[in-house]
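Hi there,

Here is the structure I promised to pass on to you. Have it open while you read, and my notes on what turned up follow below.

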Amino acid sequence: MEKEELLKTCLHDRHVALGAQMSPFGGFIMPIQYSSIIDEHNAVRNDAGMFDVSHMGEITVCGPDAEKFVNFIFTNDVSGIPCGKILYGMMLYPDGGTVDDLLVYKEFEKDSFFLVVNASNTDKDYEWICAQAEGYDVDIRNCSAQWGEIALQGPSAERLMTEVLGIHAAAELAFYTYCRTQWKGSGMIVSRTGYTGEDGFEIYCSPDAICGIWDALFDAGVMPCGLGCRDTLRFEAGLPLYGHELSESITPLEAELGMFVKFDKGDFIGREALLAQKEAGLQRRIVGIEIQDRAVPRAGYPVEVEGVQVGVVTTGYRSISTDRSVCVAMVGKEYASLDAQVEIRIRKRTFPGTVCKKRFYTTNYKK
């Protein structure tokens with residue numbers, strides 16, 4: 001996609017004015033960092049940071065068959081969940097590969113769901129969802145252009161929501177729940193969710209209102225954060241990135257996300273393929289690996305044992321929070337057990353590594 005074809009979020013001019021390093025992502029021109037990835041990462045871990053995530057996609061599914069339909073295209077179980085509840089899960093192809101991972105919000109209106117999907121997949125997801133709807137009485141709409149979105153993340157997020165933005169209902173939210181409220185007359189969705197491993201909120205509002213919210217938080221001293229540290233934060237917390245730990249060729253079981261697949265709820269797209277994969281036994285899995293060196297593994301680097309490739313790195317960093325060289329990788333089942341010894345090839349050298357849990361950092365947040 002040529003640069004002039006890239007979409008801009010409603011906050012684009014603010015990013016440019018702050019001197020952010022901008023780069024294409026998911027069809028948009030997005031801020032990668034403002035000051036440094038390390039400073040922005042640490043702000044979220046220790047205080048608070050805010051992200052422009054207006055590039056994310058929003059799709060509504062409404063109608064008499066909405067619950068039945070969403071359950072058919074989604075791996076988690078939405079049947080009977082209360083209004084205001086949010087579930088994480090995947091949409092799958094019939095062969096078990098992943099269309100996308102997403103959040104499903106149970107709306108306060110009857111027979112209505114709000115789906116939040118990855119920016120790079122929005123159009124693909126919308127078309128795929130519509131293609132599955134034959135025989136269901138549902139109305140499906142891509143309403144992404146109607147929303148701007150800010151993710152406010154970190155230990156101070158709740159205080160900022162109440163003291164700076166005056167959204168006192170935010171303090172009452174449990175993890176993975178949301179409320180509808182207003183900010184200066186503009187309708188707003190506030191969810192206690194995030195992609196950093198810290199406490200935080202995701203705020204959906206009209207593009208004009210999102211600009212006002214960004215300004216209020218910025219004036220209160222909240223650090224703007226780019227997609228660079230969004231990736232380092234989610235990686236440390238063991239959260240997957242579509243196209244890396246999940247893809248059309250990687251199933252949720254291989255990605256170690258089976259807890260979000262509810263086989264006992266009844267039929268859903270991809271169920272038979274996953275059951276067959278489970279019965280046959282997984283041939284490969286996503287695992288964490290710690291390298292016994294300061295060398296930094298990167299996506300695409302081979303994982304080897306005695307000179308034979310047994311896997312590939314999907315994401316890797318020198319962890320900012322733990323100062324460890326770690327990665328997540330897809331490896332063959334023989335090398336997927338904890339403490340298995342492998343090597344990561346980084347250019348012409350190999351570095352010894354030990355298979356470990358893929359969550360490298362755990363916050364003290366409890367709600």
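**What I found**

Let's start with an opening in the surface: helix α4 (residues 122-131) contributes 3 residues to the lining of the second largest pocket, more than any other element gives. Please keep in mind throughout that this is a predicted model. The second largest pocket holds about 380 Å³ of space. It is lined by 22 residues, and the ones closest to its centre are L7, F28, S54, H55 and S144.

**The open sheet**

Helix α4 also leads us to a sheet. This is an open sheet of 5 strands in the order β5-β6-β7-β4-β8, and the pairing is antiparallel. Which strands sit at the edges? They are β5 and β8 (139-142), each of which pairs on one side only. On average, neighbouring strands of this sheet are turned by 25° against each other, if direction is ignored. Helix α4 packs on the sheet and touches β4 (57-62), β5, β6, β7 and β8. The direction of α4 makes about 170° with that of β8.

Now zoom in on β5 and β6. These two strands pair in the antiparallel sense over 7 bridges. You can find I86 opposite Y105 in β6, and G89 opposite L102 in β6. The hairpin of β5 and β6 has 5 residues between the strands, and G96 there takes a positive phi near 95°.

Is β5 mostly covered or mostly open? It is mostly covered, with 7 of its 7 residues buried. In a regular strand, side chains alternate between the two faces of the sheet. Look at β5 with that in mind: I86, Y88, M90 and L92 are on one side, L87, G89 and M91 are on the other, and all are buried. Both faces of β5 are therefore covered, since "buried" stands for under 20% relative accessible area.

**The nonpolar cores**

Strand β5 turns up again inside the protein. The largest nonpolar core has 40 residues, and F51, Y105 and F114 have the most contacts inside it. At least two residues of this core come from each of β5 (86-92), β6 (98-106), β7 (112-117), α7 (227-236) and β17 (325-332). Strand β5 supplies the largest share, 4 residues.

F114 is a nice one to click on. Leaving aside neighbours within four places in sequence, F114 is in contact with E58, I59, T60, L103, V104, Y105, E107, C143, W147, I189 and Y204. There is also a second, separate core of 28 residues, which includes M188, I210, C211 and L217.

**The barrel**

Next, have a look at the other sheet. Here 6 strands close into a barrel in the order β14-β17-β16-β15-β18-β19, with antiparallel pairing. Neighbouring strands of this sheet are turned by 45° against each other on average, direction ignored.

Strand β15 (residues 302-305) is a good place to trace the pairing. It is joined by 4 bridges to strand β16 (residues 308-318), and the two run antiparallel. V303 has G311 as its bridge partner in β16. Between these strands the hairpin has 2 residues, and E306 takes a positive phi near 50°. Strand β15 is also joined to strand β18 (residues 341-346), by 2 bridges and again antiparallel. Across that pairing, E304 stands opposite E343 in β18.

From there, β18 pairs with strand β19 (residues 349-356) in the antiparallel sense over 6 bridges. I344 stands opposite F351 in β19. Helix α7 packs on the sheet, touching β16 and β17, and its direction makes about 120° with that of β16.

**One residue and one cavity**

A209 lies in helix α6 (residues 207-219). Is A209 buried or exposed? A209 has a relative accessible area of 8%, so it is buried, the cut-off being under 20%. Not counting residues up to four places away in sequence, A209 touches W183 and S186. The C-alpha atoms of A209 and H15 are 16 Å apart, while the two residues are 194 residues apart along the chain.

Finally, there is a closed space to find. The count comes to 1 cavity of 30 Å³ or more, and the largest cavity has a volume of about 70 Å³. Its lining is made of R234, F235, G238, L239, P240, E245, A255, I286, V328 and K358.

Enjoy exploring!

Terms used:
Residues are numbered from 1 along each chain as its sequence is written. This is a predicted model: local features need pLDDT of at least 70, side-chain atom pairs count only at pLDDT 80 or more; totals for chains, interfaces and linings use all residues. Side-chain values use heavy atoms; hydrogens and water are left out. A nonpolar core is a set of buried Ala, Val, Leu, Ile, Met, Phe, Trp, Tyr and Cys residues joined through side-chain atoms within 4.5 Å. Buried means under 20% relative accessible area, exposed over 50%, partly exposed in between (1.4 Å probe, protein chains only). Contact means heavy atoms within 4.5 Å. Two strands pair if DSSP finds at least two bridges between them. Axes are lines fitted to C-alpha atoms, for helices over the stretch in contact, and angles run from 0 to 180 degrees between N-to-C directions. On a 1 Å grid over the protein atoms alone, a cavity is a set of points where a 1.4 Å probe fits but cannot get out, and a pocket is an open set with protein on both sides within 12 Å along at least five of seven lines; lining residues have an atom within 4 Å of a point. Grid points are joined across faces, edges and corners, and a volume is the space filled by probe spheres set on the points.
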